[in-house]
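Student: Could we go through this model together, taking each label in turn and asking what justifies it?
Tutor: Yes, with the structure in view.

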Amino acid sequence: MPLKIALAGNPNSGKTTLFNALTGSNQTVGNWPGVTVEKKEGKLKGHKDVTIVDLPGIYSLSPYTLEEVVSRNYLIGEKPDAIINIIDGSNLERNLYLTTQLTEIGIPVIIAINMMDIVNKNGDKINIEKLSKSLGCEIMEISALKKMGISELADKAVKTAQNAQSRPAKLAFQPEIEEALKAISSKLPGGIAEEQKRWYAIKFFERDEKILEQMTAVNVEEVIVAVEDALDDDSESIITNARYNFITSIIKGSYVKKSSSKITTSDKIDKVVTNRWLALPIFAVIMTLVYYIAITTVGDILTGFTNDTLFGEWISEPLAGWFEEIGAAGWLAGLIVDGIVGGVGAVLGFVPQMLVLFFLLAILEECGYMARIAFIMDRIFRRFGLSGKSFIPMLVGTGCGVPGVMATRTIESDRDRRMTVMTTTFMPCGAKMPIVALIAGAVFGGVWWVAPSAYFIGVAAIVISGIILKKTSRFAGDPSPFVMELPAYHMPTAGSVLRSTWERGYSFIKKAGTIILLASIFIWFLSSFGMVEGSFQMVEDMDASVLAAIGGVVAPIFAPLGFGTWQSTVATIMGLVAKEEVVGVFGVLYGVSGDALGLVEEGAFGSLGAIAAHFTALSAYSFLVFNLLCAPCFAAIGAIKGEMNDMKWTWFAIGYQMIFAYAIAFLVFQFGSLFSGAGFTVGTAVAALVFAGLLYLLFRPGRPTPRVSGIPVKG
C-alpha cells in the first residue's frame, strides 16, 4: 500500500538536507527561510511505495505567510500517513512550538532532533526518553548533514506510517480553555474526522481567519469572549502563552544546556562582518572578488578555452569545412554552423564563468555568510520601506529569477510581497551574466569593474524602487518585521557546494539545449531570408532580411539609449524569451563564437567589424543596464503572474520594470554623452527633466500608513 510521509519543521532546521538524504534528491539547500516555497516529493530510498513530501519551512500552523498556508493545507487536507517533525537540537525551545501544533492534527508524529553532533560538541544534554514521554512522540537523534541516524529514522517513519495510529496530544490547556474547546467541538460539522476536531476547535478559539471563512455557520464567539474575559487576554495570546508554558515545563526536566561565557568563533566573526560600519564595505569587497574571479580571471580563462578551442577549432571550423567538402546546400550549412552552433555555442561558451560564479556563491551560502547579508541589508532596506525578508528572494534570484520570485511567499504583508516581486528580478541572475561577460570582454577589454557593477546596479535599483513605491498609496505602510536566527558558521561540504553549483548550472545548460536552440534557429531563419525582387529567398546581406525589417520598426525606440540598431533591438526583444538569447542573437548574426569570441575576449572589438559599428563603450553600457533592469524572461514573468495572482498587478509590474529600465539607461547614455564631450543636446535636456522627476519621486513626502480599524494585525 502506498504511503506518504510529510517532512515538517522550522526554516533552517536542516529539513531540505534531510529530504535529500532520505530520497537521494538534489533540492536546493540554503541558510535562510524561503528556500523551499512549495511542497516537493521524492521516493524514500529502498522503499518505492513510500513518498516523502518536503513541506515549506514554517514556524507554526497559523496562516500568516503563504508557505504556512501550503504546509497547513497539505497536512489537514491530504492527511499524510505520518509526519517527521525535524527539530534543530541547538534551538530546542523555539522548534517545539510547531511540534505542539503538529501533535494536535490527528496524524502520527516522529520527532527527528537534528544537529546532534553540534549539541554533543557544545556539551549540551537532552534526555530523549523523558522528552519523548512528555510530548507523546517517538524521538530519533540524527545529523542530516553528516547522515547520522538517517536509516534508523527512515525505518521508524515507515513503521509508524504503516500502523497509522496517532497519540493524543500531551498539551492540556487551562480548565477554562478545555471547557471552551469541548463546547466548540460539539458545534463542529459532522464531516470533520474525530481525531481532527481538537485542532479545529483550537483554530476556532484563536479566530483563525481561514477556518472562520471555511465554516461560516459555526458561531462560537460567545464561548471565546467568556474565556477572554475570565483570563483577561485575547484568545490567540492565551493559546500562544499556554504552548510556551508547556514547552518551558518539559524543557526544564529534559534539556540541560552547558553554561559557558566563552565567545564562539561565529560570534567573533560576526563582530567584524556584521559591524555597523564595516558590514557593507566587507560585503562590497566580497561580492567584487566573487565577480572578479568568476568573470575576469579564472572564469575568463575557462571561457576562452570553451569558445576558442571547443566551439572554434574543434566544432565550428571542421564542421564548416566538412559541409563545404560534401557540397551541402548553403542554407543547410548556414543553419547548422551559424544558426545552431553559432547561437547555442555563444551561450554555452559562458557556462564555465557561470559555474565558477555559482560555485563561489554556493560556498558563501553554505558557510553561513549569505544569511548575514540578509541581516545586514535589513538595516538598509528598512530605511527605504523594505524588509530584510525582501533581500532573501533577491539572494535566491542570483541563480534564477523564478525561484527568487517564488521565495517572496515568506513575506506576510501583501503590499511588501508584491513590491518584492516587482523588484527581485533587478538582481543579475545567471541568465544575465553572459550579457555582462560579453559586454565586459567585447567593449571594455575585460576590465574588472564591469561585472561587479552589474550586481550593485541591481541592488541600487531595488533600493531606489523601494523608496519610490513606498511613497505611493498602493505600497504605503511599515515594512514587515524580520526575525531570523543566524546559523553558526561551518565549513562547506564538497557535496553540498557541488550539488548547488550543478543544479544552477544544469538549468542554464538545459535552457541552451531547448529554448535557446529553438530561438537561435528562428533568428537564423529570419536573418537569412527576405524578399528579393518580389520573391522570398535567402539573402546575402542581413539588412535585407525579414529580421532587419521587423527590428527596424522597433529600433527607433532605443535610439535615445544609444543602441538604436535593428540588431541590438532584436537581441533585446529576444531577451524576453530567455536572457541568454541576447548573446545567442549576436552568436547567430555575427558568429560570436570560436575565433570571433576570442577577439572579443582580447578586447579587439573593432575587429568584429559589423558589431563594432553598432556600439561605443557608452552605448554598450547603456545596453547592459537596460537588459539588466527590464522585464525578465517569460518564465520569470509567469512566476510573477503566479505570485501576483492578478493580471492587472502583473502588467503593472512589467510596465514599471520597463519604464524604470528605460529611464535609467536613458540617463546613463545622455549624461554620459554630455560628460564625454558630446555637448548639450535636446536629449540632455530631456534627461535633465527625467532626472528631476526621479529626484522628486525619491524625496517627496510619503503617503501616511493606511489603517484599518477593528482588525487585529499580527506583527
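Student: In this predicted model, what makes Pro175, Glu179, Lys182 and Ser186 of H7 exposed?
Tutor: The label exposed requires a relative accessible area over 50%, and Pro175, Glu179, Lys182 and Ser186 are exposed by that criterion, on the other side of helix H7 from its buried residues.

Student: Which residues of H7 are buried, then, and how do you know that they lie on the same side?
Tutor: Ile177, Glu178, Ala180, Leu181, Ile184 and Ser185 are the buried residues of H7. They cover an arc of only 160° around the axis, which puts them on the same side of the helix. As a general point, an α-helix has 3.6 residues a turn, so residues three or four places apart point the same way.

Student: What covers the buried residues of H7?
Tutor: The cover includes helix H8 (197-205), helix H10 (221-231) and helix H11 (235-254), where contact is taken as heavy atoms within 4.5 Å.

Student: How does the span of H7 compare with what is expected?
Tutor: Helix H7 (residues 175-186) has 12 residues and reaches 17 Å from its first C-alpha to its last, which is close to the 16 Å expected at 1.5 Å a residue.

Student: Why is strand E5 called largely enclosed?
Tutor: Buried means under 20% relative accessible area, and six of the six residues of E5 (residues 109-114) are buried, so the strand is largely enclosed by the rest of the structure. Val109, Ile111 and Ile113 point one way from E5, while Ile110, Ala112 and Asn114 point the other way, and all are buried.

Student: What makes E4 and E7 partners of E5?
Tutor: Pairing calls for at least two bridges between two strands. Strand E4 (residues 82-88) is joined to E5 by six bridges, in parallel, and Ile86 has Ala112 of E5 as its bridge partner. Strand E7 (residues 138-141) also pairs with E5 in the parallel sense, over four bridges, with Ile139 in E7 as the bridge partner of Ile111. Both E4 and E7 therefore count as paired with E5 under that rule. In addition, E4, helix H3 (residues 92-102) and E5 make a right-handed β-α-β unit.

Student: Why is the contact between Glu41 and Lys4 called a salt bridge?
Tutor: The cut-off is a side-chain nitrogen of Lys or Arg within 4 Å of a carboxyl oxygen of Asp or Glu, and the closest N and O atoms of Glu41 and Lys4 are 3.4 Å apart, so the pair qualifies. Glu41 lies in strand E2 (residues 40-44) and Lys4 in strand E1 (residues 3-9), so the salt bridge ties together parts that are 37 residues apart in sequence. Glu41 is partly exposed, with a relative accessible area of 41%, and Lys4 is partly exposed as well, at 31%.

Student: How do you know that Arg417 is buried, and how is Arg417 placed relative to Asp414?
Tutor: Arg417 has 10% relative accessibility, which is under 20%, so Arg417 counts as buried, whereas Asp414 is partly exposed at 43%. Their side chains meet in a salt bridge at 2.3 Å, N to O, and, being three residues apart in helix H20 (residues 414-424), Arg417 and Asp414 are separated by about one helical turn.

Student: How many salt bridges does the rule give, and which residues are linked in a network?
Tutor: The count comes to 14 salt bridges, and Arg207, Glu221 and Glu228 are linked in a network of them.

Definitions and conventions:
Residues numbered from 1 in each chain as written. Predicted model: local features only at pLDDT ≥ 70, side-chain atom pairs only at ≥ 80, totals over all residues. Heavy atoms only, no water. Buried < 20%, exposed > 50% of the residue type's maximum accessible area, 1.4 Å probe, protein only. Helix = DSSP H or I, 4+ residues; strand = E, 2+ residues; numbered from the N terminus. Right-handed = clockwise from strand over helix to strand, strands pointing away. Expected span 1.5 Å × (residues − 1). Arc of directions from axis to C-beta.
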